[in-house]
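Please open the model in your viewer and keep the sequence panel beside it, since each stop on this tour begins with a selection.

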Amino acid sequence: MSKLKEFTFESYVLLTIALLIIVLTTLIVNILINGMERLSFKLITNYPSSNVNEAGMRVAILGSLYTVGFAVLIALPLGIATGLYLHEYNSKSIVNRIIEASLVNLAGVPSIIFGLVALSFLSYTLALGRSIIVGSIALAFLVLPLIVVSTIESARLVPVSHRLAAYALGAKKYQVVFKIVFPRIIPTALTSSILAVSRAMGEAAPILVISGLIFIRRDPTSLLDEFTVMPLQIFNWVSRPQEAFRELSASSIIILLIVVLALNLTAIYIRNRLQRKSI
């Protein structure tokens, strides 16, 4: 009994983390073993093909970068503006509390719902088709709650004394928001953008609903072009019966991980630079 009592909550958390690390390490090692053989530069530069030796994911990489890039351009400013408004302007009002609670609940909505809504309203009602802009908007609203909640929480960490000091010097409300609060939440906003990019880059369900498993052999040149993304290309290859395509899908997963890691490192670098300047 004494040994059971010594097994505290902290020990349980550490054991869970250790098990997760073991599982993730096993998965990554398995992917590396299966995918390193077919990992090559032509996998990035070639177009999709039924010939496994000539197949590449150039279109999928461009589609992911365009879709996720425009999604972040939509969600980041909108999410920061919404979070600042909800916290700084009438934060105790019933309407603002309802909106904030709705956004928190929206974060738990299955991602495929965003794809269905985008397909119904944007693709069919507004006749935008199964295009990049539709996918970008779907992903933007998918990650928007994360950015809004992060902005609200970071705004709460700004000391009230800083706001009062600005008001005492004659600053207006908008000046306090943009000169005092906003500069201090930029690092947190960039952190939320890192999480948003990581989630949006790996999402397949909403994009599958919008674009479907289509075969494209040309680069997207506008926001109204049809597109595919890396998770869908990987799903397409892994579902084929040939063992060679499964190995190719493992190589594609490695490239996807490298792209996500590169984007995250870039955002972290920018965040740290801005953080040092604000100190």
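By about how many helical turns are Glu-153 and Arg-156 separated in helix H7? Before answering, bear in mind that this is a predicted model. Select Glu-153 and Arg-156 together: they lie three residues apart in helix H7, which covers residues 132–156, and are therefore separated by about one helical turn. A salt bridge joins the two, with the closest N and O atoms 2.8 Å apart. Add Glu-100 to the selection, and you will see a network of salt bridges that links Glu-100, Glu-153 and Arg-156. Glu-153 counts as partly exposed at 38% relative accessibility, and Arg-156 is likewise partly exposed, with a relative accessible area of 43%.

**Salt bridges across the sequence**

The count of salt bridges in the model comes to eight. Next, select Glu-247 and Arg-38, which form one of them, their closest N and O atoms being 3.1 Å apart. Glu-247 belongs to helix H12 (residues 243–278), whereas Arg-38 is in the loop between helix H2 (9–35) and helix H3 (42–45), so this pair ties together parts that are 209 residues apart in sequence. Both ends can be checked with the surface displayed: Glu-247 is partly exposed, with a relative accessible area of 21%, and Arg-38 is partly exposed, with a value of 23%.

Move on to Asp-219 and Arg-58, whose side chains meet in a salt bridge at 2.8 Å from N to O. Here Asp-219 sits in the loop between helix H10 (205–211) and H11, while Arg-58 is in helix H4 (residues 58–88), so the pair ties together parts that are 161 residues apart in sequence. Asp-219 is partly exposed with a relative accessible area of 21%, and Arg-58 is partly exposed with one of 29%.

**The nonpolar cores**

Now select Met-57 and Met-230, the residues with the most contacts inside the largest nonpolar core, which has 50 residues. The elements that give two or more residues to this core are H4, H6, H7, H9, H10, H11 and H12, and among them H7 gives the most, with 10 residues. In soluble globular proteins, nonpolar side chains tend to be buried together.

To look at this core from one of its residues, centre the view on Met-230 and show what surrounds it: leaving out residues up to four places away in sequence, Met-230 touches Met-57, Ala-60, Ile-61, Ser-64, Met-201, Leu-256 and Val-259. There is also a second, separate core of five residues, and to find it you can select Leu-103, Leu-144, Val-148 and Ile-152, which are included in it.

**A buried loop residue**

Is Thr-228 buried or exposed? Select it in the loop between H10 and H11; with a relative accessible area of 6%, Thr-228 falls under the 20% limit and is therefore buried. Apart from neighbours within four places in sequence, Thr-228 is in contact with Val-59, Ala-60, Gly-63, Ser-64, Ile-216 and Gln-233.

**The end of H11**

Select Val-238 next, which is placed in helix H11 (residues 230–238). Its relative accessibility is 42%, so Val-238 counts as partly exposed. When neighbours within four places in sequence are left aside, Val-238 is in contact with Arg-246 and Ser-249. If you draw a distance between the C-alpha atoms of Val-238 and Ser-249, which are 11 residues apart along the chain, the viewer should give 5.7 Å.

**Where H8 meets H9**

Colour helix H8 (residues 160–168) and helix H9 (residues 173–202), which pack at an angle of about 145° with their axes 10 Å apart. The crossing of H8 past H9 is right-handed. To display the contact itself, select His-162, Arg-163, Ala-166 and Tyr-167 in H8, which meet Lys-173, Val-176, Ile-180, Val-181 and Arg-184 in H9. The residues of this contact divide into five nonpolar, one polar and three charged.

**A positive phi**

The last selection is Ala-127, located in the loop between helix H6 (111–125) and H7. What is phi of Ala-127 near? It is near 55°, a positive value in a residue other than glycine. Most residues other than glycine have a negative phi. With 61% relative accessibility, which is over the 50% limit, Ala-127 counts as exposed.

Methods. Residues numbered from 1 in each chain as written. Predicted model: local features only at pLDDT ≥ 70, side-chain atom pairs only at ≥ 80, totals over all residues. Heavy atoms only, no water. Helix = DSSP H or I, 4+ residues; strand = E, 2+ residues; numbered from the N terminus. Buried < 20%, exposed > 50% of the residue type's maximum accessible area, 1.4 Å probe, protein only. Contact = heavy atoms within 4.5 Å. Axes fitted to C-alpha atoms, helices over the stretch in contact; angles between N-to-C directions. Left-handed = near helix turned anticlockwise from the far one by under 90°. Nonpolar A, V, L, I, M, F, W, Y, C, P; charged D, E, K, R; others polar. Salt bridge = Lys/Arg side-chain N within 4 Å of Asp/Glu carboxyl O. Core = buried A, V, L, I, M, F, W, Y, C linked by side-chain atoms within 4.5 Å.
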